[in-house]
Amino acid sequence: GKVNFNNITWAPSAAYAIVDIRSNDNKDRWLALLSGKSAQLTILDHQHDSAWIGGPGIGWFSGGNIGWINDRQFWFQSEKTGYAHIYLYSLSDSVTTALTTGEYEVQSAQLSTDKKYFYISTNEVHPGEQQFYRLTINNKKKERITNMTGANQVALSPDEKKLAIRNALRYFPKQ
């Protein structure tokens with residue numbers, strides 16, 4: 001079938017990039033390493049879903065959350081478990097590690113300037129809520145930052161020292 005090359009993300013200081021490739025029917029997604037010297041593509045991750053590949057930070061409508069931690073590690077979001085989570089891929093040993101896991105969605109992810117943390121919004125507390133966390137990459141520890149009930153939409157200041165929080169309180173009937 002036909003494919004689209006959606007995103008090319010070059011390593012910070014190396015002659016290669018990660019390419020996000022999608023089938024036109026949205027049932028397959030490949031992450032491939034593109035050599036800037038030989039133009040060769042090497043598949044690093046493949047996801048197939050008989051329904052469609054999508055979700056927060058993954059779907060064709062929302063772009064793909066992909067980036068480099070350093071020249072040997074990149075991160076991406078995937079719904080390979082059925083839920084949108086953050087993964088780290090190491091070129092050194094070809095190992096993919098889940099940085100988040102569970103029956104919830106990582107709705108947004110932003111890498112910190114020093115590349116030691118992710119700032120993430122999830123619906124872990126309740127499917128109708130959105131809470132904001134700081135995730136430490138090296139030990140996967142999450143620190144919850146927002147506590148207000150409802151959807152907390154957070155904008156992080158450029159120096160990562162201040163937050164603007166817009167809270168939308170949602171009504172959840174008692175079960």
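Me: Before we start, what does it take for two strands to pair here?
Reply: Two strands pair if DSSP finds at least two bridges between them, and please keep in mind that what we are looking at is a predicted model.

Me: Okay, so how many bridges join β11 to β12?
Reply: Strand β11, which covers residues 131–136, is joined to β12 by 3 bridges, and the two run antiparallel. Within this part of the model, Tyr 133 stands opposite Arg 144 of β12.

Me: What order do the strands take in that sheet?
Reply: The open sheet has 4 strands in the order β9-β10-β11-β12, with antiparallel pairing. Because β9 (106–111) and β12 (142–144) each have a single partner strand, they stand at the edges, and one side of each is left without a neighbour in the sheet. From one strand to the next, the twist averages 25 degrees.

Me: Switching topic, which strands form the open sheet that starts with β1?
Reply: That open sheet is formed by 4 strands in the order β1-β2-β3-β4, and the pairing is antiparallel. Its edges are β1 (3–10) and β4 (41–48), so each of these has a single partner strand and one side without a neighbour in the sheet.

Me: And how many bridges join β1 to β2?
Reply: There are 7 bridges between β1 and strand β2 (residues 16–23), which run antiparallel, and the bridge partner of Ile 8 is Val 19 in β2.

Me: Last one: which residues form the nonpolar patch on the surface?
Reply: The patch is formed by Ile 145, Met 148, Leu 163 and Ile 165, which together have about 300 Å² of accessible area. Ile 165 lies in strand β14, residues 163–168.

Me: Why does Ile 165 count as partly exposed?
Reply: Its relative accessibility is 40%, and partly exposed covers what lies between buried, under 20%, and exposed, over 50%.

Notes
Residues are numbered from 1 along each chain as its sequence is written. This is a predicted model: local features need pLDDT of at least 70, side-chain atom pairs count only at pLDDT 80 or more; totals for chains, interfaces and linings use all residues. Side-chain values use heavy atoms; hydrogens and water are left out. Axes are lines fitted to C-alpha atoms, for helices over the stretch in contact, and angles run from 0 to 180 degrees between N-to-C directions. Patches are made of residues with over 30% relative accessible area and no salt bridge: like charges are joined within 9 Å, nonpolar side chains (Val, Leu, Ile, Met, Phe, Trp, Tyr) within 5 Å. Accessible areas come from the Shrake-Rupley method with a 1.4 Å probe; for residues, only the protein chains shown count as cover. A salt bridge is a side-chain nitrogen of Lys or Arg within 4 Å of a carboxyl oxygen of Asp or Glu. Buried means under 20% relative accessible area, exposed over 50%, partly exposed in between (1.4 Å probe, protein chains only).
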